[in-house]
Amino acid sequence: MLLVFGCGVQRVDGRWTLTPASAARVDAAVAHVAAYRSGAARIPPPRVVFSGGWPGRHRWADMPPAGCREGDLMLSRARAAGLGRYADLRSETRSTSTLENVLYAVEDGLLADVPFNPGQPLGLVSHPWHLPRVRFLAGRLLRLPAGAMLDIPVPAASTEGSSWPPRALHAAAWLSLLGARSPAALLRRERRLVALVATLTRRRRRPPVPPQRPGSARGRTE
């Protein structure tokens, strides 16, 4: 089974589409299933879950309508690539953060009936900078050992970096969730972290205030 994490949608010419990062994650899942099938005969079709509703850092913007959220659009792209012929495709479209991706996939029963273990790991599809945090959160929520999860990174040629250092994000996630046990407690803490990162990101991107020239209205005294 693969769990593919969304990475944003965008509105272009009035149409909702995947960001290049989200599209690259779908393509990585398609390529992984194709490579796996080529090396194994008569295997049952794997389940591929596309998870994503609307990125939490953009909550102040309009939410895409049903059918145009991350999970919906990723599923459509996978079907267009022919993945539906070789895999059981599902989607989760409520989540607004990485932890919610896993949590709601569990709540919706999309990861049920599969005993994840080193021989049958849960494949995690995302960018290399995102995978350490994904593994940490999935391990906590699903109580899986490291060997029961498999990293499926987006190829380097398609990789887009985070606006924050990956180690900093991973450390922040680990510290913010330290001691939390229940899914509800984990969710409350991650939402605070997402809100904090969004605020700091907006501040970083805010254009600097130009220095006042001598004699300007602001600095002049009568």
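## A tour from D113 outward

Start with D113, found in the loop between α3 and β6. This is a predicted model. Is D113 buried or exposed? Its relative accessibility is 76%, over the 50% cut-off, so D113 counts as exposed. Now check its backbone. Phi of D113 is positive, about 65°, although the residue is not a glycine. Most residues other than glycine have a negative phi.

**Whole chain**

Zoom out and colour by secondary structure. The chain holds six helices and seven strands. In sequence order they run β-β-β-α-β-α-β-α-β-α-β-α-α. Of the 222 residues, 43% are buried. Next, draw contacts between residues at least 6 apart in sequence. Of these, 70% join residues at least 24 apart.

**Confidence**

Switch the colouring to pLDDT. The chain mean is 80. A pLDDT of 70 or more is reached by 68% of the residues. Which elements mark the two ends of the scale? Strand β1, residues 2-5, has the highest mean among the elements, at 98. Helix α5, residues 166-176, has the lowest, at 58.

Then select residues 216-222. Here pLDDT stays under 50. For this stretch the model has two contacts beyond four places in sequence. Where pLDDT is low, the predicted coordinates should not be read in detail.

**Helix α3 and N101**

Select α3, residues 98-107, and pick out N101 within that helix. Its relative accessible area is 5%. The cut-off for buried is under 20%, so N101 is buried. What does N101 touch, leaving out residues up to four places away in sequence? Show F5, S51, G52, E92 and S95 as sticks: these are its contacts.

**Helix α4 and R143**

Move on to helix α4, residues 131-142. Put a distance label between its end C-alpha atoms; they are 16 Å apart. Why is that the span to expect? The helix has twelve residues, and the expected span is 1.5 Å times one less than that number, so it should be 16 Å, which agrees with the model.

Now colour the buried residues of α4. They are L131, R133, V134, F136, L137, A138, G139 and L141. Note that an arginine, R133, is in this buried set.

Step off the end of the helix. R143 follows α4. R143 lies in the loop between α4 and β7, the strand at 149-153. Its phi is near 55°, a positive value in a residue other than glycine. Is R143 buried or exposed? With a relative accessible area of 74%, R143 is exposed.

**The second largest pocket**

Last stop: load a pocket surface. Rolling a probe the size of a water molecule over the atoms shows where empty space is left. Go to the second largest pocket, with a volume of about 430 Å³. Its lining has 18 residues, and those closest to the centre are M1, Y36, P46, Q120 and P121. Select these five to centre the view.

Which elements supply at least two residues each to the lining? They are α1 (20-38) and β6 (122-126). The largest share comes from α1, with three residues.

Finally, colour the lining by residue class. Twelve of its residues are nonpolar, four are polar and two are charged.

How values were computed. Residues numbered from 1 in each chain as written. Predicted model: local features only at pLDDT ≥ 70, side-chain atom pairs only at ≥ 80, totals over all residues. Heavy atoms only, no water. 1 Å grid on protein atoms, 1.4 Å probe; cavity = no way out; pocket = protein on both sides within 12 Å on 5 of 7 lines; lining within 4 Å. Points joined across faces, edges and corners; volume = space filled by probe spheres on them. Helix = DSSP H or I, 4+ residues; strand = E, 2+ residues; numbered from the N terminus. Nonpolar A, V, L, I, M, F, W, Y, C, P; charged D, E, K, R; others polar. Buried < 20%, exposed > 50% of the residue type's maximum accessible area, 1.4 Å probe, protein only. pLDDT = per-residue confidence, 0-100. Contact = heavy atoms within 4.5 Å.
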